[in-house]
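The following note collects points for a colleague who is reading the model alongside its sequence. Each point takes up one part of the fold or one residue.

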Amino acid sequence: MPFSTAASSTVALEHQHILLSPTSPINLQTFSDVRDSEEAAQSIALRMITNACTVDGVRIGIHYSKEDNSDCFRLVASHISTCLPLSPYLFIIATTSVSPTSVGSDACVSDALIICGSDEDDMQRAVLLASSKFPGRVDAVNNKGTLIAQAASIRQIGSSTYHEAALWDILFNSVQTHNPHAPPPGSRSIDQILSDARAKLERMTPQQAYDALHDPTYPVPVFLVDIRPAAERGRKGEIHGSLIVERNVLEWRFDPRCEARLTVADRYDSKIILFCREGYTSSLAAASLHELGLLNATDIVGGYDAWIAAGLPCQ
């Protein structure tokens, strides 16, 4: 990710009201704990750098303080820039001073949010994400100009749990680099998904499905299930004796735990044979039933078209 080696830019989101629970795990620090503001800023900067985590080569971290001291915050940003002249970073400093928002309330109020980083694009993404995290609560955003800084007045935005999670999400999403044309890590193509689904199944030919459906000695109940949409059934026809359960409600109809299940879906060992038009959607659907514990669920190779081609009865 490109980054600037110039002095750190800062973005200030001021007057941001945050409700924090009394048992919040956030460690708060006052600048009065350190006699000199310069020493305090340097101490905070070093602590943030030491505790930072790295995402796509960018150091990120959050620091919370009880006092709103914009001058000291800017000193912190300056020290971070000095300590990391060639390293990309993005940090957030949030104040959480105690200021009751209503009678009898002991909620903590965040008066300012400082975002400092080495890259202007990261900074702008963080500002936009901060606004999107608290929709309808941003009263104003002002450009201070000299430090490429922005200030925002944000109304009450929620509990400490959401507050902290939202700030980390802002950092992660601001610095992550991803080629929109490249698949994200951990994703699978539909061919891989289909292959993985079929690896779980003992798929059946149309004739095997027909034989199982008409075998009175089959050890478990057998159900032939048509998951095609109504329009397709109307055009192509149906298989006599099959249950019609469209794909969008399949799991709810066959989960024995679900109140919306079919009456016959009361056991986990039933042989549920699904079919769609060509045997693709049915494979994914059968694998989904496996997730429910219906390990005998399977589908017909080639689907309804293969059933017709085999000359088996239909209507």
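Across which strands does helix 9 lie? The numbered points begin there.

1. Helix 9, residues 281-291, lies across strand 12 (271-275) and strand 13. The helix runs at about 155° to strand 12. The model is a predicted one, and the values below are computed from it.

2. Helix 9 is largely enclosed by the rest of the structure, because 8 of its 11 residues are buried. The buried positions are Ser282, Ser283, Ala285, Ala286, Ala287, Ser288, Leu289 and His290. These residues pack against helix 5 (190-198) and helix 8 (250-254), and also against strand 12 and strand 13. Just after helix 9, glycine 293 adopts a positive phi of about 100°.

3. Strands 12 and 13 belong to an open sheet of 4 strands, arranged in the order 11-10-12-13 with parallel pairing. Its edges are strand 11 (243-244) and strand 13 (298-299), each of which pairs on one side only. As background, the strands of a sheet pair through backbone hydrogen bonds, in either a parallel or an antiparallel manner.

4. Within this sheet, strand 10 (residues 222-226) pairs with strand 11 in the parallel sense over 2 bridges. Valine 225 has leucine 243, in strand 11, as its bridge partner.

5. A search of the whole structure yields 4 aromatic pairs. One of them joins phenylalanine 275 and tyrosine 304 in a stacked arrangement, with 6.3 Å from centre to centre and 20° between the planes. This pair links distant parts of the chain: phenylalanine 275 is in strand 12 and tyrosine 304 is in helix 10 (residues 303-309), 29 residues apart.

6. Are the two partners buried or exposed? Phenylalanine 275 counts as buried because its relative accessibility is 0%. Tyrosine 304 is likewise buried, at a relative accessible area of 3%. Arginine 228 lies over the face of tyrosine 304, 4.1 Å from the ring centre.

7. Histidine 79 is located in helix 2, residues 70-83. With a relative accessibility of 14%, histidine 79 falls under the 20% limit and therefore counts as buried. Leaving aside residues up to four places away in sequence, histidine 79 touches Glu38, Ala41, Gln42 and Ala45.

8. Aspartate 56 merits a look at its backbone. This residue has a positive phi of about 50°, although it is not a glycine. In general, most residues other than glycine have a negative phi. Aspartate 56 sits in the loop between strand 2 (53-55) and strand 3 (58-65). Its relative accessibility of 41% lies between the limits of 20% and 50%, so aspartate 56 counts as partly exposed.

9. Some totals for the chain complete the note. The chain contains 10 helices and 13 strands, and 43% of its 315 residues count as buried. Of the contacts between residues at least 6 apart in sequence, 71% join residues at least 24 apart. The accessible surface comes to about 16,100 Å², and carbon and sulfur atoms account for 52% of that surface.

Technical notes
Residues are numbered from 1 along each chain as its sequence is written. This is a predicted model: local features need pLDDT of at least 70, side-chain atom pairs count only at pLDDT 80 or more; totals for chains, interfaces and linings use all residues. Side-chain values use heavy atoms; hydrogens and water are left out. Two strands pair if DSSP finds at least two bridges between them. Contact means heavy atoms within 4.5 Å. Axes are lines fitted to C-alpha atoms, for helices over the stretch in contact, and angles run from 0 to 180 degrees between N-to-C directions. Rings of Phe, Tyr and Trp (its six-membered ring) pair if their centres lie within 6.5 Å; planes under 30 degrees apart count as stacked, over 60 as edge-to-face and the rest as tilted. Buried means under 20% relative accessible area, exposed over 50%, partly exposed in between (1.4 Å probe, protein chains only). A charge sits over a ring if NZ of Lys or CZ of Arg is within 6 Å of the ring centre and within 35 degrees of the ring normal. Accessible areas come from the Shrake-Rupley method with a 1.4 Å probe; for residues, only the protein chains shown count as cover.
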